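Q: Please take a close look at one sheet and describe how it is put together. I would also like to know what lies around it.

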Amino acid sequence: MRLLDFLRSVRPTHAVIGTYAFDPGFYEGYVLRHLRAQGCASQLLLIDHDCLAGTLEECGLPPTLMGTHYLAQGIRASRAFHPKFLLLLSRESGELILGSSNLTVPGYTHNDELLVHLHYQPDDAAHLALFQQCWRYIQSCLALQPSSEVVLNHCRQIGVECPWLLAESAPPEDSWLLGRPGGEGGIANQLVSVLGGDAIRRVTIMAPYFDPDLSALTRLAKAFSDADVRVLVQPTRCTVNPKRVPALPQNVRFFDLADVGRGEPGARFFHAKCILLESRTRSYCLMGSANISVAALYAPHHQGNAELCLLSRHDDPKHFQSVLDINGKLDKLTPINMAAVKTAYSPAADIPPLDPPPLQPTAAEHDGKQIRVFCGPHAAGIAWDTVQLRLLKTTLPVRQSIAGELRFSVPEGSVSDGFTIGRLTCRWKGKDWCSTPFVIHNIAALQRNVQAGRLGKLAGYMRRGTFLSGDLSAMASLMAEMLSGFPQGAPKPVQPAAPTAKPSSGQSSQPAAEPVRVPYEEFLTGSEHQPAWVSKASYSAHSDLDAYLRLIASAIARPTGNENEPSAEPVLDEQEEDESEDPQDPGTEEEQPATPVRASEAAQFQKRFLGLLERYREELNQRNRLKEPLSLRDMGKLIVIGQTTLFFCCKELPADLQPKKGKKRHFLEWDQVRESLQDILHCWFLSNRGRLIDRVMIEPSEHAYRTAEIEYFVVTVGLLAAAVRRVSDTSFDRLLVAATHWRSCVHSAQLQEGEVTLRARRVIENLGLMPIMHPDAWQVAFRGAAGLGRTFAAAQKALRGFGDGAAWLKFNKAQGVGIPQAGDVLWNPRIGFTSVAELLGGNKISLSTDWNDESKGYIAGNFANLSAMARGGPCPNASIRQACQAVLAAIGR
Amino acid sequence: MADPVWLQKEPESVGRDQLGVQAASQTLYARLLPGIRNLTKRARYYTFYPWVIETYARRVGIKNEQRFNQYLRRAEYILTLATALQGEDEDTTGAIGIRYVTRLLDDIGRRDATQIDIETGANKPKDNYFIATRGGYGIYYVASLADLGIIEIRPGEPIERLRPLGQKLAATFAQAPGAAALEAALDAPRLPIKELRTLGTSISLSRLSAHPEEHELLAEMLLNTTQDPAEEHQARRRSFLLVLTAAKLLRGGVSVEEFRHGVYFEQDFGGGTIAWPKSLRSTVNGWRVYQQHEYFNQPLHYLFRQLLDALPSLEVKNQNSWADYATRIQDALRERPEWVRDALPEVTANTRWTQFLTMLAATLGENVELPNRNRPVSEQSLGDILQQPATGEEPAGSTLWAALGMLGTLAIRARVSGRPYANAVPPSASQRFGLGLDHLLRDCSTLGGLTLADAAVWLVEQYVVRRHLQVALRKLSFQRQRQNTFKFFVENGRLRFRRNFPFGATTPRVGSAILMLIDLGLLEKAEAGRHRLTVAGQKLLQQSLAAVTV
């Protein structure tokens, strides 16, 4: 199994990851990024408390997105929080990977690790109980210390969204989840109770870490005293204490893992933990996080490590050896004399017991003007007036201390949104005392990044074009995720206990002293979430546009780094957020227009999208038996050129579908892909921050085959975008509006306005663009845009009448037309209307309408320079000059 | 029941540019010497490959990639055999698959064989003449041929198309002595060694000068003797002329190392001044920027290697946290090396970075923007210290001081203009550099208030440790072919050693340029890896640069 591939292939809604060791760079750079790119913005890490504190140390390599883009809770087990699992959940399915891999680069890519992968789906529920047990185990771990409320709420919300996780199903007959805390007794006791009376003949142990006195191994050997106990280790890298080996029971023998092909000597660390047990009739495999130590296997209740293992049973005694590819090799091995090996064992340094700290912070959250630090029991005699919260450049005195919680007031502007690491300090026993660092969850930032991150990541993903060359299902999943996070009609009232927010009518309902808090569970992923722009969508379409676009832009433009965190957020400021959340004003609810963004279709999106492509593919493949079958990727390949042209392509059709005579054409079955195209265009529109869809070209292949239906679609979408962009007054945007519109006019020369409007209405509804452009407003916008369009269409006719690009090149050369100036409006039959963004030298220019980063520019001579002709420069004739002047006037130059 | 599975290891690769700094060097030299590549070493391949495409179209004419590749590999193989067999005076450097052919000929010599099996030798499987499916053409020359306007690569088309220039080059090669025999040999499953040797005497890579038309056409194309105004052709022409000028100005001729040194310091290895011609001033400045970036690259990589050298033993001692290593860096700087004591007597590990720069600037001389290797401190002297291996579990103070000296020197020189890359690339290109002198200049404000001990820790953390993790992670995450290039891991705040790597400066195509100039008869080999001007070279240089003075 390759975990990196796995992470790229899954599409969960929520991820809960447990780990002992943690590499924030790897997690934030790979795991977080890839899961978010696939729509999983809700990610919670459970990390050993001490390891987490270690990574938060300022002199270490601390995380940068923790607390703002994902949640993290340090778990305080008696010894260590040691389980390693990856629980990926969605409304109807789940994946659980459990084993020995820590959340680090070697744990995911390099070490010899052992994992088990469990699935759950409604029609494949064999492991459902194990998921439920795992979920309960997570709750047990969260109960080990005062956890952050935001984390607990997050888990509650996951439970609400994945109700299947909360039930208690019948466990499978052959698998058991053994865990501490939560299980009955230690892991070893749980194991023995499952084995019952089965007489174990052989025990094979593989692990890297052992007790210094080998006491756990001794106890295991004694527990299975009738069995041959074989311990497979990496001799020089395991922590077996050679001096204790002679004292082990006689039934224990050591072997070198290299002899069974594991743990490449000197290259790959064997980090897997596994105990195989064989009776005459059965075999068992215990694998997971537990090393061969008392803390892992034998610790009494409330002591030792937190561990999580899976015990599996099979009726073939050799089954697990075979699965692990050590079958047949074990019996031929020669034991090694571990007493003579220099292992990685080193005696533990004598560390004097430390006094308990005065304060034990375990988690914190920053909510508006307040930071709450959750603490374990504090020592008696603390000088509370000296207790402070130390942040990067600020220290805050404690404002309030209640059971298990310290509260600090945050003066406005004193704490950067991006900074999420804090420490508690105080005077203690006559000295300055400072706690280990802890993460401060920034609720506002999490709100933006967990929810808006879905939208932004989708858009970023699309903008990079990653999905365009690959797996369309990723895009479909993202889109579905995004849409499912949008409101289902009118907002529902929030729970009564939740603080209220300012109503959209402008009434103030809360005193300023107490920060208004949006309950976390409402913005996480639930259907109750109301994005800020939704309530504003009740205003006129045009006035909403900017807010809507800014929301999208803010979500898209923010890279996953601290420096661009919410302070730069123009839309989701507190006021607007409050405006959208008022649950107590029934009038608001009634007044809300029906502004769903294709809500009814959202859940079906992915299925439908892929279903369409799949059906089409099957049909083609049936006709195409002799050739290589088409993949889904072949089927729905989107090619973006210059970010403004959208092609929908498919592979060449089989010969029997092609016309027998004439030019080869490739047909696109419009009815089957229309809906998909509309969805794609919707994504496209969002991903371009509402930028104009400059050209929409639907090309089955190299040669376009256009039906009237496609033509209408192109026209209406093009016009829609053009009309939408009319709200901008910049000449650049007007130029783009017009540039699109002339194309539309050219195509629509023979179309009736009524028909176009009819289709525009349909497109608006299908694409869910009502918040931007209400269908009723369409006709007015269309007519407004048409004025520009007609001007451009007329100019296009005049310019084209003079000749093609070659004719203009010849004219420019003959007349000695100079290099255009930056900002000049140009025309070329292939590019259409455009303007000069930059002079590149060597007679080359870059175009304002060209968003291709790789573009090497265009030769200026190939364009008609409308600005120069309007200014009185060389011009073929008077009518062209007039047309040029009209264009310049129309776009306000 | 769920069965356990082993985690599959992600394949590791050594990778290149571990800190993401050398990509900028590549951008810089690619703009100075466009068209050719480091491994396109022989001029004659620029006529040979168009001829292969042309003959394939004429003789086979099937647009099938596999078929073309077989044809191409045979042609390459035969040319290399002919080149290797033609005589002792032949320079086989850069001949495709020459190592395999040399071994084969040794073996054949021992066996007294008289024929060579072309069919088998040219086949794709391992251990044959060249492992790549499309031979040296596919991995070395095809992009260069496209850049030079010889071929056109069309997506989806199995065989590249010849542009007019390519057709002209192909036609010229076809007229070369031996070309007809080579064409006839393409069909033979086996070829007598005697025949191959005869073929080599007329068509080998070094026999270019025996065919004046081909020679002239290649010189025209590579040196742009017709003065095509396109920027890339002009840039290549100027760099070729600069190499020829270096061959004239440097005692004993030009070598790659002294060329780099000469353009940066405008001094030869002995410290003597080099008067570059005014007409090539902008090109010299461009190469100086390249070399400056190389000097920037150098300390970072040696600091990285030093960290990797130290990690294994620190791991054993359980002292491998970043904080532990940072303390060791600070401790190592307490000991000042001789050059610091002599040139910067007042500088200690506690000196502030700003003060350090002030004192360092004084030692660099008045015209600080003009590097001078004769000063007590220069990039050359600091680079020499960096290259002295200092390995072990403790970071070496000498390396750390030299790295600080190098970075300080570069910052001082760069801040004179404030735009370190302005002479070589437009801002749109330099802004894309992941780490470069711009960053160093910017970070000087952060470093300004730190002591040198703290500044060293900051630089190693930001420019080395974090940078490597970022770069390796990016290679793991985003490259099409996922690469696992981590040299160390971070686990529980501990740095865990993975593997070390060899560090080398980038090779800026100058070596290829020299070999091509030899093929064109403008340079000839001299002693100690140098190359001096031939009579033809002097003539060309005189014609092109009347202003050059010795």
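A: Strands here are DSSP runs of E at least two residues long and helices are runs of H or I of at least four, both numbered from the N terminus. Two strands count as paired if DSSP finds at least two bridges between them. The model is predicted, so local features need pLDDT of at least 70 and side-chain atom pairs count only at pLDDT 80 or more, while totals for chains, interfaces and linings use all residues. Residues are numbered from 1 along each chain as its sequence is written, chains are lettered from A and ligands numbered from 1 in the order in which they are written, and side-chain values use heavy atoms, with hydrogens and water left out.

The sheet to look at is open and has seven strands, in the order β3(A)-β2(A)-β1(A)-β4(A)-β5(A)-β6(A)-β1(B), with mixed pairing. At its edges stand β3 (71–75) of chain A and β1 of chain B; each has a single partner strand, so one side of each is left without a neighbour in the sheet. From one strand to the next the twist averages 20°; axes are lines fitted to C-alpha atoms, for helices over the stretch in contact, and angles run from 0 to 180 degrees between N-to-C directions.

Consider the end of the sheet that holds β6(A). Strand β5 (residues 94–99) of chain A is antiparallel to β6(A), and six bridges link the two. Within this pair, Gly99(A) lies opposite Leu115(A) of β6(A). Strand β6 covers residues 114–120 of chain A and is also joined to β1(B), antiparallel, by three bridges. There Leu115(A) stands opposite Val5(B).

Helices lie against this sheet. Helix α3 (residues 49–56) of chain A crosses β2 (42–48) and β3 of chain A, at about 105° to β2(A), where contact means heavy atoms within 4.5 Å. Helix α5(A) packs on the sheet too, touching β1 (14–19), β2, β3, β4 (85–89), β5 and β6 of chain A, and its direction makes about 115° with that of β4(A).

Helix α5 (residues 128–142) of chain A also lies across β7 and β13 (307–314) of chain A, running at about 5° to β7(A). These strands belong to an open sheet of seven strands with mixed pairing, ordered β7-β13-β12-β11-β8-β9-β10 (chain A). Its edges are β7 (175–180) and β10 (252–256) of chain A, each with a single partner strand, so one side of each has no neighbour in the sheet. Neighbouring strands are turned by 20° against each other on average, direction ignored. Inside this sheet, β8 (residues 202–206) and β11 (residues 274–278) of chain A run antiparallel and are joined by five bridges; Arg202(A) has Glu278(A) in β11(A) as its bridge partner. Helix α8 (residues 215–223) of chain A lies across β8, β9 (228–233), β10 and β11 of chain A, at about 120° to β10(A).

The strand from chain B leads to the interface between the chains. In contact there are 32 residues of chain B and 59 residues of chain A. The buried area is about 3,900 Å², with 59% of it from carbon and sulfur atoms; buried area is the accessible area (1.4 Å probe) that two parts lose on being put together, summed over both. On the chain B side, Met1(B), Trp6(B) and Leu7(B) lose the most area to chain A, together 24% of what that side buries.

Across this interface the rule finds zero salt bridges, a salt bridge being a side-chain nitrogen of Lys or Arg within 4 Å of a carboxyl oxygen of Asp or Glu. It does find 10 residue pairs in polar contact, both residues at pLDDT 80 or more. Elements of chain B that give two or more residues to the side touching chain A are β1 (4–6), α14 (322–332), α21 (452–478) and β6 (488–491). The largest share, eight residues, comes from α21(B). By type, the residues on this side of chain B divide into 18 nonpolar, four polar and 10 charged. A polar contact is a pair of N or O atoms within 3.5 Å; within protein, one must be able to donate a hydrogen and the other to accept it, and residues adjacent in sequence count only if both atoms are side-chain atoms. Ala, Val, Leu, Ile, Met, Phe, Trp, Tyr, Cys and Pro count as nonpolar, Asp, Glu, Lys and Arg as charged, and the others, Gly among them, as polar.
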